[in-house]
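Grab a pencil and work through the exercises below. Try each task yourself before you read its solution.

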Amino acid sequence: MAETFVEERELSSVLALLDKFVPVIPDEVVKHCLESAGLETNDGDVIRLVSLATQKFVSDVAKDAYRFHQQSRKDSKKKASTRDQEHTLTMEDLSYALREHNITAINPQYYL
């Protein structure tokens with residue numbers, strides 16, 4: 001008998017919750033990305049599960065980037081002004097966050 005990491009009962013409850021899940025990324029976009037990667041499926045559960053995993057990944061990267069941003073603001077010890085209260089996602093913060101997830105992001109070269 002094959003070893004499973006998830007019990008049948010847990011899997012069926014997750015699949016039941018997927019029907020109620022409203023993804024941030026539309027199913028059509030996920031399906032297109034899956035097809036361009038070589039996976040053709042019409043199974044809505046698979047598409048929603050990939051969408052959920054993608055949403056979780058993007059959320060984790062955004063949280064990590066925000067944490068790096070907050071840390072860099074603490075390290076610089078600038079006085080707070082109205083401009084400093086704004087939070088902007090920079091490529092530097094995003095690169096640090098992606099590096100934690102083993103993804104290398106390289107800044108493009110700009111030509112003037």
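Helices here are DSSP runs of H or I with at least four residues, and they are numbered from the N terminus. Ser95, for instance, sits in helix α4. Keep in mind that you're looking at a predicted model.

**Exercise 1: Get an overview**

Task: Find out how many helices and strands the protein chain has, and in which order the elements run.

Solution: Start by counting: the protein chain has 4 helices and 0 strands. Next, walk along from the N terminus, and you read α-α-α-α. Then check the confidence: the mean pLDDT of the chain is 84, with 88% of its residues at 70 or more. Finally, look at the elements one by one. Helix α2 (residues 27-36) has the highest mean pLDDT, 95, while helix α1 (residues 8-20) has the lowest, 85.

**Exercise 2: Inside and outside**

Task: Work out what share of the protein chain is buried, and what share of its accessible surface belongs to carbon and sulfur atoms.

Solution: Take the inside first: of 112 residues, 16% count as buried. Now the outside: the accessible surface is about 9500 Å², and carbon and sulfur atoms own 58% of that.

**Exercise 3: Hunt for the core**

Task: Identify the residues of the largest nonpolar core and the helices that supply them.

Solution: Begin with the members, 5 residues in all: Val61, Ala65, Phe68, Ala97 and Leu98. Helices α3 (44-76) and α4 (91-100) each bring at least two of them. The largest share is from α3, with 3 residues. Now zoom in on Ala97. Skipping neighbours within four places in sequence, you'll find Ala97 in contact with Val61, Asp64, Ala65 and Phe68.

**Exercise 4: Ser95 and the end of α4**

Task: Decide whether Ser95 is buried or exposed, and say which residues Ser95 touches.

Solution: The relative accessibility of Ser95 is 8%, and the cut-off for buried is under 20%, so Ser95 counts as buried. Who else in α4 is buried? The full set is Asp93, Ser95, Ala97 and Leu98. As for contacts, leave out residues up to four places away in sequence: Ser95 then touches Ala105 and Asn107.

Now move on to the segment after α4, where you meet Asn102. Asn102 isn't a glycine, yet its phi is positive, near 60°. Its relative accessible area is 73%, so Asn102 is exposed.

**Exercise 5: Far in sequence, together in space**

Task: Give the distance between Leu52 and Leu18 in sequence and in space.

Solution: Along the sequence, the two are 34 residues apart; from C-alpha to C-alpha, they are 8.7 Å apart. Leu52 belongs to helix α3. Setting aside neighbours within four places in sequence, its contacts are Leu18 and Phe21. With 33% relative accessibility, Leu52 is partly exposed. For the chain-wide picture, take contacts between residues at least 6 apart in sequence: 57% of these join residues at least 24 apart.

**Exercise 6: A nonpolar patch on the surface**

Task: Name the residues of the nonpolar surface patch, and say whether Phe5 is buried or exposed.

Solution: The patch is formed by Phe5, Val6 and Leu11, which together have about 350 Å² of accessible area. Locate Phe5 next: you'll find it in the segment before α1. The last step is the cut-off: Phe5 has a relative accessible area of 79%, and exposed means over 50%, so Phe5 is exposed.

Methods:
Residues numbered from 1 in each chain as written. Predicted model: local features only at pLDDT ≥ 70, side-chain atom pairs only at ≥ 80, totals over all residues. Heavy atoms only, no water. pLDDT = per-residue confidence, 0-100. Helix = DSSP H or I, 4+ residues; strand = E, 2+ residues; numbered from the N terminus. Patch = residues over 30% accessible without salt bridge, like charges linked within 9 Å, V, L, I, M, F, W, Y side chains within 5 Å. Areas by Shrake-Rupley, 256 points an atom, 1.4 Å probe, with all protein chains shown as cover. Salt bridge = Lys/Arg side-chain N within 4 Å of Asp/Glu carboxyl O. Buried < 20%, exposed > 50% of the residue type's maximum accessible area, 1.4 Å probe, protein only. Core = buried A, V, L, I, M, F, W, Y, C linked by side-chain atoms within 4.5 Å. Contact = heavy atoms within 4.5 Å.
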